[in-house]
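Here is a friendly walk through a structure, written for someone who would like to find their way around it at the bench. Please have the viewer open as you read.

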2 protein chains.
Amino acid sequence: MTDNTDKPLDLASLRQRIDSIDSELLRLISERADCAAQVAQVKTADDPDAVFYRPEREAQVLRRVMERNPGPLNGEEMARLFREIMSACLALEKPIKVAYLGPEGTFTQQAALKHFGHSAISLPMAAIDEVFREVEAGAVNYGVVPVENSTEGVVNNTLDSFMDSGLHISGEVVLRIHHHLLVSNITRQDKISRIYSHPQSFAQCRKWLDAHYPHAERVAVSSNAEAARLVKTEWHSAAIAGDMAAQLYGLDRVAEKIEDRPDNSTRFLIIGNESVPPSGHDKTSIVVAMRNQPGVLHGLLEPFHRHAIDLTRLETRPSRNGVWTYVFFIDFKGHVDDPAVAGVLEAVKQHASDMKVLGSYPVGVL
Amino acid sequence: MTDNTDKPLDLASLRQRIDSIDSELLRLISERADCAAQVAQVKTADDPDAVFYRPEREAQVLRRVMERNPGPLNGEEMARLFREIMSACLALEKPIKVAYLGPEGTFTQQAALKHFGHSAISLPMAAIDEVFREVEAGAVNYGVVPVENSTEGVVNNTLDSFMDSGLHISGEVVLRIHHHLLVSNITRQDKISRIYSHPQSFAQCRKWLDAHYPHAERVAVSSNAEAARLVKTEWHSAAIAGDMAAQLYGLDRVAEKIEDRPDNSTRFLIIGNESVPPSGHDKTSIVVAMRNQPGVLHGLLEPFHRHAIDLTRLETRPSRNGVWTYVFFIDFKGHVDDPAVAGVLEAVKQHASDMKVLGSYPVGVL
């Protein structure tokens with residue numbers, strides 16, 4: 001080959017080593033795909049409509065990969081590679097079809113690809129209830145919908161859709177989102193009179209903006225990347241955007257991580273038609289309807305406390321079925337197959353006018 | 001390591017085998033990342049600004065992977081996994097930044113991710129000359145621009161941008177694109193009066209539509225997925241879209257592969273600041289300015305014929321510098337470092353009023 005560096009031997013032997021690693025990788029990935037094909041055969045022999053994708057199994061594999069990862073790649077990057085390998089092996093049998101809240105290029109698409117890998121077939125829907133309908137109709141295997149933004153709160157459409165649906169939650173995906181105030185090298189930082197960003201990012205940085213730039217005009221644009229681009233030609237403007245846009249446009253960070261809550265993240269749910277067996281590290285989501293009586297919330301929560309079940313979220317929504325009735329969405333650690341959880345749910349039923357388990361599913365791995 | 005009997009294993013032992021394969025994969029991918037880090041060290045010792053991404057080396061690795069791939073995964077899928085592994089190893093040192101002709105969710109983004117893997121930082125630009133400017137300014141390492149659609153012809157903006165630019169072509173990506181006429185289960189196929197699709201897809205299926213549905217209204221929408229979605233609720237409509245949309249919406253194919261040219265594909269170029277050494281299977285693109293004299297094209301092409309150099313494309317564009325002068329964009333097999341190619345280029349120079357080598361680069365692997 002024609003590498004003209006001073007140390008051709010070092011490079012050459014490193015490359016030889018990489019080549020022999022690649023041969024091994026090729027063999028192992030192929031063997032893994034063979035095994036996956038055999039798993040599919042065994043399952044189909046028992047049940048022609050068998051499901052090959054197993055969320056609990058995938059979560060276990062990814063957790064083990066991250067625990068044992070020796071570096072230098074970080075755990076997330078390594079898990080991402082394994083997700084792609086599993087996605088490719090699975091697609092060999094039956095590619096997974098996934099509907100998500102579109103349009104393309106949104107965080108929800110990012111969540112869908114993060115969860116299912118790029119061998120899945122993913123298509124955008126215009127509304128959350130459309131995602132539910134496509135999954136219910138069997139046109140796709142799974143749906144991906146946003147359920148919670150740590151700053152803006154709950155996505156009500158998603159909760160409402162669950163009330164009317166027989167679908168199960170089969171997984172969750174969490175994406176972390178950081179925002180910075182960015183300027184270009186022509187910006188006069190003492191004269192910033194206009195700030196560009198996506199409307200959602202404005203909402204997530206509202207307090208910081210009110211405190212630091214109360215008089216600057218806020219101009220909503222279609223994406224944070226677009227905001228960053230605009231700043232390059234306007235000396236009186238700044239943009240709110242993330243790392244990727246800052247890096248690409250070579251913008252400077254006047255202020256970092258300006259989101260109002262430091263743990264700014266968006267949570268997405270995977271919805272499907274089947275319930276998921278325990279993975280060893282699971283969450284359960286339920287919806288409970290209660291009459292509006294004194295002490296109702298206390299009575300509802302007491303069994304969780306008694307059984308030492310860890311609540312991770314509780315949301316209240318007005319019921320659409322009757323006056324003076326409330327609906328609680330509750331997430332907690334554990335799986336419905338755990339005896340303690342089963343005990344809690346029995347107790348909750350006695351307080352509630354209605355209760356539905358939305359699903360038990362692996363805690364988001366990445 | 002494992003017994004190689006042909007007898008199908010039970011689920012538990014198959015999964016044990018997958019787990020042990022995964023442990024090996026984890027170890028090997030980590031070792032590969034270590035090697036890549038060492039390669040970077042060796043290079044940086046010689047040159048602090050050394051480039052770690054080597055298009056010719058990556059093409060060689062992918063070609064070998066595809067040649068030796070034993071199945072059951074197909075070669076493209078296996079190469080995609082290796083692309084991601086290499087992308088992750090590279091990002092460990094210095095993530096590659098790529099500008100592409102946006103918006104997000106287009107084929108050009110797909111080409112960028114196909115070529116650089118998902119560990120690259122990719123950002124959309126609004127116009128082709130912006131992609132060139134970002135690469136020239138060093139704000140990104142590479143750019144991705146469409147250059148050729150087999151049905152609609154050449155992307156003139158890209159050719160024009162090359163005339164004014166000092167950038168090199170460092171790679172090419174080819175995406176195949178098939179279109180179908182799709183209907184839903186409520187469609188009355190004898191009453192189709194409206195067809196939805198993206199404007200580009202209409203252009204690529206124009207002849208077929210003129211022959212088969214000359215009187216149907218053609219309604220341009222923002223994407224083929226959107227076209228497919230609309231058809232589900234209109235009994236008198238059909239859509240032109242690809243496999244993915246057909247599968248997702250459960251639409252039937254009234255006619256398959258209706259694109260006017262059966263090899264309908266789009267070709268993209270990777271542009272960068274460095275020239276690429278030979279990979280063993282390369283292409284070269286040149287631009288030649290010629291006075292408009294009798295026999296000029298014959299004189300230009302004769303040296304290629306004489307040296308048995310395979311021309312893959314020839315495009316003519318009017319020059320913007322003078323009257324009666326033409327500019328030819330020529331692609332051919334081989335690398336400028338090949339003696340035969342060097343000989344041809346010497347001969348071409350004698351006929352031309354000007355000649356520029358846009359780049360020698362690996363023939364698209366996938």
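Helices (H or I, at least four residues) and strands (E, at least two) are DSSP runs, numbered from the N terminus. With that numbering, A308(B) can be placed in the loop between α11 (296-306) and β13 (311-318) of chain B. Please keep in mind throughout that this is a predicted model.

## Chain A as a whole

Let us begin with the overall picture. Chain A contains twelve helices and 15 strands. Its C-alpha trace spans about 75 × 65 × 40 Å along the principal axes. Of the 366 residues in chain A, 54% count as buried. Among the contacts in chain A with a separation of 6 or more, 75% come from residues 24 or more positions apart.

## Where two helices meet

How do helix α3 of chain A and helix α3 of chain B cross? Each covers residues 75-93, and their axes come within 10 Å and cross at roughly 180 degrees. Angles over 145 degrees count as roughly antiparallel, so α3(A) is roughly antiparallel to α3(B). On the chain A side, the contact is made by E77(A), R80(A), L81(A), E84(A), I85(A) and A88(A). On the chain B side, the residues are E77(B), R80(B), L81(B), E84(B), I85(B) and A88(B). By character, the residues of this contact divide into six nonpolar, no polar and six charged.

R80(A), in helix α3 of chain A, deserves a second look. Is R80(A) buried or exposed? Its relative accessibility is 18%, so R80(A) counts as buried. Leaving aside neighbours within four places in sequence, R80(A) is in contact with E84(B), A88(B), H118(B) and S119(B). With one of these, E84(B), the side chain of R80(A) makes a side-chain polar contact at 3.1 Å. R80(A) and R291(A) are 211 residues apart in sequence, and their C-alpha atoms are 45 Å apart in space.

Another arginine also reaches across to the other chain. R17(B) lies in helix α1 (residues 11-46) of chain B, and its side chain makes a polar contact with the side chain of E31(A) at 3.5 Å. R17(B) has 14% relative accessibility and therefore counts as buried.

The two side-chain polar contacts described above are set out here.

| Side chain | Partner side chain | Distance |
|---|---|---|
| R80(A) | E84(B) | 3.1 Å |
| R17(B) | E31(A) | 3.5 Å |

## Aromatic rings

A pair of aromatic rings is described by the distance of the centres and the angle of the planes. Over all chains, the count comes to twelve aromatic pairs. In the pair of Y53(A) and Y142(A), the ring centres are 5.3 Å apart and the planes stand at 75 degrees, so the pair is edge-to-face. This pair links distant parts of the chain, as the two residues are 89 residues apart. Y53(A) sits in the loop between α1 (8-46) and α2 (55-68) of chain A, while Y142(A) belongs to strand β3 (residues 142-149). Y53(A) is buried, with a relative accessible area of 6%, and Y142(A), at 5% relative accessibility, counts as buried too. Ring pairs also bring in F116(A), linking Y53(A), F116(A) and Y142(A) into a cluster.

## Covered places in chain B

Helix α9 (residues 224-231) of chain B is mostly covered, with six of its eight residues buried. They are N224(B), A225(B), A227(B), A228(B), L230(B) and V231(B).

T108(B), in helix α4 (residues 107-116) of chain B, has 7% relative accessibility and so counts as buried. Not counting residues up to four places away in sequence, T108(B) touches Y100(B), L101(B), V144(B), V145(B), P146(B) and F268(B).

## Backbone points to check

Most residues other than glycine have a negative phi, and most peptide bonds are trans. Which peptide bond ending at P72(A) is cis? The bond from G71(A) to P72(A) is cis, with omega near 5 degrees, and P72(A) lies in the loop between α2 and α3 of chain A. In chain B, the bond from G71(B) to P72(B) is cis, with omega near 5 degrees; P72(B) is in the loop between α2 (55-68) and α3.

K257(A) is not a glycine, yet has a positive phi of about 45 degrees. Its place is in the loop between β10 (252-255) and β11 (265-272) of chain A. A308(B), again not a glycine, has a positive phi of about 55 degrees. With 67% relative accessibility, A308(B) counts as exposed.

How values were computed. Residues are numbered from 1 along each chain as its sequence is written. Chains are lettered from A and ligands numbered from 1 in the order in which they are written. This is a predicted model: local features need pLDDT of at least 70, side-chain atom pairs count only at pLDDT 80 or more; totals for chains, interfaces and linings use all residues. Side-chain values use heavy atoms; hydrogens and water are left out. Axes are lines fitted to C-alpha atoms, for helices over the stretch in contact, and angles run from 0 to 180 degrees between N-to-C directions. Angles under 35 degrees count as roughly parallel, over 145 as roughly antiparallel, 65 to 115 as roughly perpendicular and the rest as oblique. Contact means heavy atoms within 4.5 Å. Ala, Val, Leu, Ile, Met, Phe, Trp, Tyr, Cys and Pro count as nonpolar, Asp, Glu, Lys and Arg as charged, and the others, Gly among them, as polar. Rings of Phe, Tyr and Trp (its six-membered ring) pair if their centres lie within 6.5 Å; planes under 30 degrees apart count as stacked, over 60 as edge-to-face and the rest as tilted. Buried means under 20% relative accessible area, exposed over 50%, partly exposed in between (1.4 Å probe, protein chains only). A polar contact is a pair of N or O atoms within 3.5 Å; within protein, one must be able to donate a hydrogen and the other to accept it, and residues adjacent in sequence count only if both atoms are side-chain atoms.
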